[in-house]
Amino acid sequence: MREILISECIELLRAHKFTVSKPLGRSCFDMVASRDDIRLILKILKNIDSLSREQSKELKKISKILHGTPLIIGIRTRNAPMEHGVVYDRYNIKAVTFETFRDYLEGSPPVVYANRGGFFVKIDGKVLKEVREAMGISVGKLAEIAGVSRKAIYKYETQMANPSVDVAIKIEEFLDVPLVKGIDLFEPVNDEDVENKLENLEDFKKEAINFLNELGFKSFVVEKAPFDAVAEKDMDNNLNILLTNIEEKGSEEVKRKALFVRELSRLLDGYSLLILEEKEKEYKNLPVVSIEELKKMDDALELIEHIKSMLRDIK
C-alpha cells in the first residue's frame, strides 16, 4: 500500500510540473519535489502516528536546511482512517491524505484541521469583528447564537483561538459572510533549531566538516538521510548547496549512494560532493575529493569551481 501511494504521489507531482527525486529508503524523508520557489520534503506513511518525535525532528531539521517544507502524506492515524479534506498534525508537521493533497494542488485548499477535541477551522477574526460591529450585533448575542462564551468570541476576533467546524458554520450562517480561511500546506515550519551534532561522528568526518567551515561554508550535520552534511555558501545572492557524503573509503554502496545524492543536488540547483578519507582511484561520474585535496583549497569559491570542473569532465 505504501509503495503504491509513493508511486501515486510521484505521478501527481509530475502532473503538476514538479521535478521529483527518486524515492528513498531508510531515510526520514521519502522524496524531494521542487517547482519554481517551492520545495517539498515528503514523507509517505500508512499510519502517520508511526513517525516518532525523533524522526519528525530530523525531518524538520533537514527541511529547514534545504529551505523546504516538510509534509506527510498518509492513510490513517493510530485510531482511524484519515478524513478527506482535513489537515492533521504530527509534531508540527502537516499531514493529509493523498486526495486532500491532490485537491490542494488543483486549487482547493483544505479548511479543516484536526486537534484535540475534534475538528476546527481558521477564521478571519478581523472580518468577523468588522461585520459584527457593522451589523450592530453584540458579542453576547453572537456568543448565544454560536453556543459559546463571550470570551470565546473575543478570542476568535483577536486570532487567539479558532472555532470548531460546527461553531464556525453557525457564525457564518448568522452573519451571512464567509469567514473560514484555507490552510496553506506549503507554509514553512520554523519551530526547529538546527543543531550540529559533531560529537557522534567519526574523526575523519569531523575533520572534513571543519575544513568545509574553514573554507567559508556553513555546514550542517544530518542523520537518517542519504547524505552526511549540507554545506551552503551565499555567493553573489546565488545559494550554493553541497550535499556531502563523507566516507572512509570508496565502495559500490558508497558510489550508489553518492550518485543518488548527485541527482538530488541537481533538483535543488546545488552541487554534491563525495569526500573520502583516502581516495584510492579516480571516479569518472562523480565529484570526489580526498580530505588531503580539501586541505589544499583556499576558499569556498575554489571548491565550487573544482566541482564544476569535475562535472564538466563527467559530461
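This is a chat about a predicted model of one protein chain.

Colleague: What should I know before reading it?

Modeller: It is a predicted model, where local features need pLDDT of at least 70 and side-chain atom pairs count only at pLDDT 80 or more, while totals for chains, interfaces and linings use all residues. Residues are numbered from 1 along each chain as its sequence is written, and side-chain values use heavy atoms, with hydrogens and water left out.

Colleague: How many helices and strands does the chain have?

Modeller: There are eleven helices and 14 strands. These are DSSP runs numbered from the N terminus, with helices being H or I of at least four residues and strands E of at least two.

Colleague: And what box do the C-alpha atoms fill?

Modeller: Roughly 80 × 40 × 35 Å, taken along the principal axes.

Colleague: What share of the residues is buried?

Modeller: Buried residues are 49% of the 315 in the chain. Buried means under 20% relative accessible area, exposed means over 50%, and partly exposed is in between, with a 1.4 Å probe and protein chains only. The areas come from the Shrake-Rupley method, and for residues only the protein chains shown count as cover.

Colleague: What does UniProt place at residues 128–186?

Modeller: The unreviewed UniProt entry has the feature "domain: HTH cro/C1-type" there. UniProt positions follow the numbering used here, feature names are shortened, and annotations may be inferred rather than shown by experiment. In the model, residues 128–186 are 58% helix and 3% strand, and the end C-alpha atoms of that stretch are 26 Å apart.

Colleague: Switching to salt bridges. How many are there?

Modeller: The structure has 18. A salt bridge is counted when a side-chain nitrogen of Lys or Arg is within 4 Å of a carboxyl oxygen of Asp or Glu.

Colleague: Which residue does arginine 132 pair with?

Modeller: Glutamate 157, with the closest N and O atoms 2.6 Å apart. Arginine 132 is in helix H4 (residues 125–134) and glutamate 157 is in helix H6 (residues 150–157), so the bridge ties together parts 25 residues apart in sequence. Both arginine 132 and glutamate 157 are buried.

Colleague: What about aspartate 49, which residue does it bridge to?

Modeller: Arginine 78, at 3.7 Å between the closest N and O atoms. That pair links distant parts of the chain, 29 residues apart. Aspartate 49 is in the loop between strand E3 (38–47) and helix H2 (53–65), and arginine 78 is in the loop between strand E4 (69–76) and strand E5 (86–90).

Colleague: Is aspartate 49 buried or exposed?

Modeller: Buried, at 18% relative accessible area. Arginine 78 is exposed, at 54%.

Colleague: Where do glutamate 247 and lysine 257 sit?

Modeller: Their side chains form a salt bridge, 3.3 Å from N to O. Glutamate 247 is in strand E12 (residues 238–247) and lysine 257 in helix H9 (residues 252–267), ten residues apart. Glutamate 247 is buried at 15% relative accessible area, whereas lysine 257 is partly exposed at 24%. Elsewhere, Arg2, Asp30 and Lys43 are joined into one network by salt bridges that share partners.

Colleague: Which residues gather in the patch of negative charge?

Modeller: Asp203, Glu248, Glu277, Glu278 and Glu280, on the surface. Patches are made of residues with over 30% relative accessible area and no salt bridge, with like charges joined within 9 Å and nonpolar side chains (Val, Leu, Ile, Met, Phe, Trp, Tyr) within 5 Å. Lys and Arg count as positive and Asp and Glu as negative, while His and the chain ends are not counted. The place of a charge is NZ of Lys, CZ of Arg, CG of Asp or CD of Glu.

Colleague: Where does glutamate 280 lie?

Modeller: In the loop between strand E13 (271–276) and strand E14 (288–290). Glutamate 280 is exposed, with 59% relative accessible area.

Colleague: What is phi of histidine 67?

Modeller: About 60°, so positive, although histidine 67 is not a glycine. Most residues other than glycine have a negative phi. Histidine 67 lies in the loop between H2 and E4 and is partly exposed, with a relative accessible area of 42%.

Colleague: And phi of glutamine 159?

Modeller: Also positive, near 60°. Glutamine 159 is in the loop between H6 and helix H7 (165–175), partly exposed at 41%.

Colleague: Last one. How far apart in space are lysine 155 and histidine 306?

Modeller: 57 Å, C-alpha to C-alpha, with their positions 151 residues apart in sequence. Lysine 155 lies in helix H6 and is partly exposed at 31%.

Terms used. Areas by Shrake-Rupley, 256 points an atom, 1.4 Å probe, with all protein chains shown as cover.
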